[in-house]
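Okay, thanks for coming, everyone. Today I'd like to walk you through the empty spaces in one structure and then the ligand. Have a look at the screen first.

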Amino acid sequence: MSTGKLTIDLAAIADNWRALAKIAGVETGATVKADAYGCDIGRVGAHLAEAGVRQFFVAMAEEGLALRKAIGTGPVISVFSGHMAGDAEVIAGAELTPMVNSLDQMLRHVEALPGHPFGLQLDTGMNRLGMEPSEWTALREIALSQNPVLVMSHLACADEPAHQMNEQQRKQFDDMTQGLSIPRSLAATGGTLLGPDYHYDLVRPGIGLYGGMPFADAKPVVTLDIPIIQTREVAAGETVGYGNTWTAQTPARIATIAAGYADGLIRAMGAGATLQAGSATVPVVGRVSMDSITVDISALPNAPESLQLIGPHQGVDAVADYAGTIGYEILTSLGHRYARTWTT
Ligand SMILES: *Cc1c(COP(=O)(O)O)cnc(C)c1O
């Protein structure tokens, strides 16, 4: 088999959820948007529901439908994009709870689905989603008369604990929600780690469940082993790959492995990235191609069957660093050609 082998540890995801729930000490949901950060919304959702998750968060109604099919009735599924035009049937059918962002969305919701649960999203400074303070002031009484089930906002800088934006947004959230008797939620993974002031009634971590930063104590979740297709000896002075960007300084042994940028291993990852063969570390040389990557395995006594890019020794954030991006992007870009296995 020539495709990379991607293993997703569902037990580790559940352990990470329990660890975050322990830190939070309040109801802890799970954010499973973008196919559970590339890990499969159906399998992850079902496993987390079994572990005790009662509040799930997705970005879009269609994701909520897929999740509902996997977990059945019971747990709440909230939708960050709120109630978009054309969503009413899916929201009703899959029993989704839209987190409405604006007056328009709220009117659309109460007109199409009177009495159907919804939540409110407030903008406390990120300027991405939710009602701004002035809009909220004008709308507050009408909105509350419709019995929203949750009021939430989102932090822009929670992965930087010392950033003054965190406290600024928390104070804004306090101001905007003062006196409400509705459950409140402000924290994703980063906010959960900022401490009790940020927890309110419900936290909704995503990336930490999947082993990514800023949850430094997370258990690793994803392992990616990429088979070697071919090896060759190159002489000093020979070049490897597109654009001749790497030249052998000494005779070297080059392995070509079966994954490339079409599998989410973006070209920016090239220079400086390494893979693992057992306990040995071997460097990527030359440019990442669409379906293959070249690796200098001169340090290995024998060519192994595969090399490991993501695993316990090197997590998604280390791989993200090679490409100048974040673990979130590496996870959600993992391609569909890999042979996937889910372990429990
Ligand atoms: C993505 C997202 C989350 C989860 O964020 P993580 O940083 O992955 O924990 C929570 N809330 C909202 C509104 C989001 O968009």
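So, who lines the largest cavity? Here's the roll call: Gln121, Leu122, Asp123, Thr124, Met126, Arg128, Leu129, Ser153 and His154. Keep Arg128 and His154 from that list in mind, they'll come back. Oh, and before I go on: what we're looking at is a predicted model.

How do people find spaces like that? Rolling a probe the size of a water molecule over the atoms shows where empty space is left. In this structure that gives one cavity of 30 Å³ or more. The largest cavity holds about 60 Å³ of space. As for the residues in its lining, three are nonpolar, four are polar and two are charged.

Now let's move on to the pocket. The largest pocket has about 570 Å³ of space in it. It's lined by 28 residues, and the ones closest to its centre are His154, Leu155, Ala188, Ile207 and Tyr328. There's His154 again, this time in the lining of the largest pocket. If you'd rather think in helices, H2 (33-38), H9 (189-193) and H11 (327-333) are the elements that each give two or more residues to that lining. Which one gives the most? That would be H9, with three residues. Sort the pocket lining by class and you get 15 nonpolar, eight polar and five charged residues.

And where's the ligand? The ligand sits in that largest pocket. There are 14 residues around the ligand, and Lys33, Tyr37, Thr189, Ile207 and Tyr328 come nearest. By class, this shell is made of seven nonpolar, four polar and three charged residues.

Okay, polar contacts. For Tyr328, an N or O atom in the side chain is 2.6 Å from an oxygen atom of the ligand. Arg128, which we met in the lining of the largest cavity, has a side-chain N or O atom 3.1 Å from an oxygen atom of the ligand. With His154, the partner is a nitrogen atom of the ligand, and a polar side-chain atom lies 3.4 Å from it.

How much of the ligand does the protein cover? On its own, the ligand has 390 Å² of accessible area, and the protein covers 93% of that.

If you take one picture home, make it this: the ligand in the largest pocket, with Tyr328 among the residues that come nearest to it. That's it from me!

Note on methods: Residues numbered from 1 in each chain as written. Predicted model: local features only at pLDDT ≥ 70, side-chain atom pairs only at ≥ 80, totals over all residues. Heavy atoms only, no water. Near = heavy atom within 4 Å. Polar contact = N/O pair within 3.5 Å; in protein donor to acceptor, adjacent residues only side chain to side chain. Areas by Shrake-Rupley, 256 points an atom, 1.4 Å probe, with all protein chains shown as cover. 1 Å grid on protein atoms, 1.4 Å probe; cavity = no way out; pocket = protein on both sides within 12 Å on 5 of 7 lines; lining within 4 Å. Sits in = over half its atoms within 2 Å of the grid points. Nonpolar A, V, L, I, M, F, W, Y, C, P; charged D, E, K, R; others polar. Points joined across faces, edges and corners; volume = space filled by probe spheres on them. Helix = DSSP H or I, 4+ residues; strand = E, 2+ residues; numbered from the N terminus.
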